[in-house]
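Hi,

Here is the structure I promised to pass on. Have a look at it first, and then read on for what turned up when I went through it.

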Amino acid sequence: MRITIFGTGYVGLVTGACLAEVGHHVMCMDVDQAKIDRLREGIIPIYEPGLEPIVAHNTAAGRLQFTTDVAEAVDYGELQFIAVGTPSDEDGSADLKYVLAVAGSIGEHMNDYKVVIDKSTVPVGTADKVREAVRGKLLERSADIDFDVVSNPEFLKEGAAVDDFMKPDRIIVGTDSDRPQELLRELYYPFNRNHERVIFMDVRSAELTKYAANAMLATKISFMNEVANLAERLGADIEHVRRGMGSDPRIGYHFIYPGCGYGGSCFPKDVKALAWTAREYDYEARLLDAVEAVNSAQKHVLFDKVSHYYGGDLAGKTVALWGLSFKPKTDDMREAPSRVLMEKLWAAGASVQAFDPEAMEETQRIYPDQPGLQLCGTKEQALKGADCLVICTEWKEFRSPDFAQIAAAIRSPVVFDGRNLYDEKMLGRHGLSYYAIGRGLNQFGTR
Ligand code: UDX
């Protein structure tokens, strides 16, 4: 099948490359000429495991093409995916200007039947707006051409996006007519080998499914963070509690890891956007607001622990920071808890020596010439001359470090762990104190 994808960000590029990988013919369109030039040379703008080789070989095979030419892009595919960004407005609502601009372009340039597919995470009701935008342009041209709008939200995890696309748990397709159903069934047929993965539903239900799924996962995390905060005050260990809870299959072990707060491009934005949509429909989504509030507060917890340890005086202190990205296996720094921590440390007069296996360039881009930030080539270098160690991201290489070396390198024998990677006793053997989330030492004097 011939497919056009608007937007070559995480979602668009992964979708395009994976659809080409199973034999479809894909044209990816982006307004950023420099990005398209680099993609044509096989240079991909993001770090995503497994993506580069499939972009390279499908480009070489001629199944994956890149363009900045809108007319060419619209003409190419019978299926037109919209995978452009939907940033949060100040008030938390999703900004649809890029999505609707693409819809307008499709209406402006299409000459035959098209299925317009919303892939970006968009508020319930967006498909109607996309339909109006396409129709508006067709009317301007007095063109009578048939089209359908479909909602096909993505469920890709950064760091595992290619795998998630190739082996999906489910593929949600929201359509209000039969013609696009047949086309989407054919499109996703290769991903359906052993089980039927496609779940068809109406457009609005598909739009809501995406938000509800992300909000549910974010709720699990905020719930556990709240229990972890409680555990600290009660003198309990959240890791025992987590295992005790997860063994109940109705609860399960997934997404109940407490930590220094969820980040990324999806959860924070989607929870806020759904709460905003609720308000638009005169409903106060109290649980969603609480999920967001708990998470925002959770991003301050590590700072509070460090600050308490030093009696509220961080001026002149140097903090070694391991992990900057919002989670492992990505260089994405959007809404990363490390940013809240660093910014608070700088404001308190402390400096940071940071290491991350992938997110160093991105950190440099976000904080160019930042006083009090030194990016270090290795995790060991980050420790040199530092007062203490803080961990924000659970990269594999941080899981079993040389504790004797840590103890020898830092001035105060203390580790603050935002991801509960270690055990108090393990560190105690090396004379290190251990503050974690919902376990270890804390400022409440319970342990
Ligand atoms: C998420 C959804 O998982 C995916 O289905 C959707 O399409 C997009 O949003 P992603 O943002 O890539 O994917 O990251 P995810 O792996 O879900 O983690 C999100 C955040 O939650 C990270 O900051 C992570 O550290 C945090 N997290 C996750 C926890 O704090 N505890 C957990 O138990 C799980």
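With 447 residues, a compact globule would have a radius of gyration near 22 Å, and the protein comes in at 24 Å, which agrees. Do keep in mind that this is a predicted model. Along its principal axes, the C-alpha trace spans about 75 × 45 × 45 Å. Buried residues account for 47% of the 447. If you take the contacts between residues at least 6 apart in sequence, 71% of them join residues at least 24 apart. As for secondary structure, there are 18 helices and 14 strands.

Now the domains. The assignment splits the protein into domain 1, residues 2-200, and domain 2, residues 202-447. Their C-alpha centres are 33 Å apart. Where they meet, 23 residues of domain 1 are in contact with 26 residues of domain 2. On the domain 1 side, the elements giving two or more residues are helix 6 (126-140) and strand 7 (171-174). Strand 7 has the largest share of that side, with 3 residues. By class, the domain 1 side has 11 nonpolar, 9 polar and 3 charged residues.

There is also a UniProt feature to mark on your copy. The unreviewed entry places "domain: UDP-glucose/GDP-mannose dehydrogenase C-terminal" at residues 320-424. In the model, that stretch is 30% helix and 18% strand, and its end C-alpha atoms sit 19 Å from each other.

Next, the ligand. Its shell is made of 19 residues, and the closest are Glu158, Tyr257, Tyr262, Gly264 and Cys266. Which element gives the largest share of that shell? That would be helix 9 (residues 203-234), with 3 residues. By class, the shell has 11 nonpolar, 4 polar and 4 charged residues. Domain 1 and domain 2 both give residues to the shell, so the ligand lies between them.

You'll probably want to compare that with the record. For "binding site", UniProt (again an unreviewed entry) lists Asp30, Lys35, Thr86, Thr121, Glu158, Lys269 and Arg334. These positions are spread over 305 residues of sequence, and they are also spread in space, up to 24.8 Å between C-alpha atoms. I went through two of them in more detail:

- Asp30 is in the loop between strand 2 (25-29) and helix 2 (33-40). Asp30 counts as buried because 23 other C-beta atoms lie within 10 Å. Leaving out neighbours within four places in sequence, Asp30 is in contact with Gly7, Thr8, Lys35, Ile36 and Thr68. One of those contacts, Lys35, is itself on the UniProt list.
- Glu158 is in the loop between strand 6 (147-151) and helix 7 (161-166). Glu158 is buried too, with 24 other C-beta atoms within 10 Å. Not counting residues up to four places away in sequence, Glu158 touches Tyr10, Gly264, Thr330 and Asp332. Glu158 and Gly264 are also both among the closest residues to the ligand.

Two backbone oddities are worth a look while you have the model open. Asp282 has a positive phi of about 60° although it is not a glycine. You'll find Asp282 in the loop between helix 11 (267-280) and helix 12 (286-298). The other one is Asn420, not a glycine either, with a positive phi of about 50°. Asn420 is in the loop between strand 13 (414-417) and helix 18 (424-428).

Are those two residues buried or exposed? Asp282 counts as exposed, since it has 6 C-beta neighbours inside 10 Å and the cut-off for exposed is 12 or fewer. Asn420 has 23 other C-beta atoms within 10 Å, so it counts as buried, the cut-off there being 20 or more.

One last spot is Thr378, in the loop between strand 11 (373-375) and helix 16 (379-383). With 11 C-beta neighbours inside 10 Å, Thr378 counts as exposed. Thr378 and Trp322 are 56 residues apart in sequence, and their C-alpha atoms are 9.5 Å apart in space.

Cheers

Terms used. Residues numbered from 1 in each chain as written. Predicted model: local features only at pLDDT ≥ 70, side-chain atom pairs only at ≥ 80, totals over all residues. Helix = DSSP H or I, 4+ residues; strand = E, 2+ residues; numbered from the N terminus. Rg over C-alpha atoms; globule rule 2.2 N^0.38 Å. Contact = placed C-beta atoms within 7 Å. Domains from an automatic or database assignment. Nonpolar A, V, L, I, M, F, W, Y, C, P; charged D, E, K, R; others polar. UniProt positions renumbered as here; feature names shortened; annotations may be inferred. Near = placed C-beta within 6 Å.
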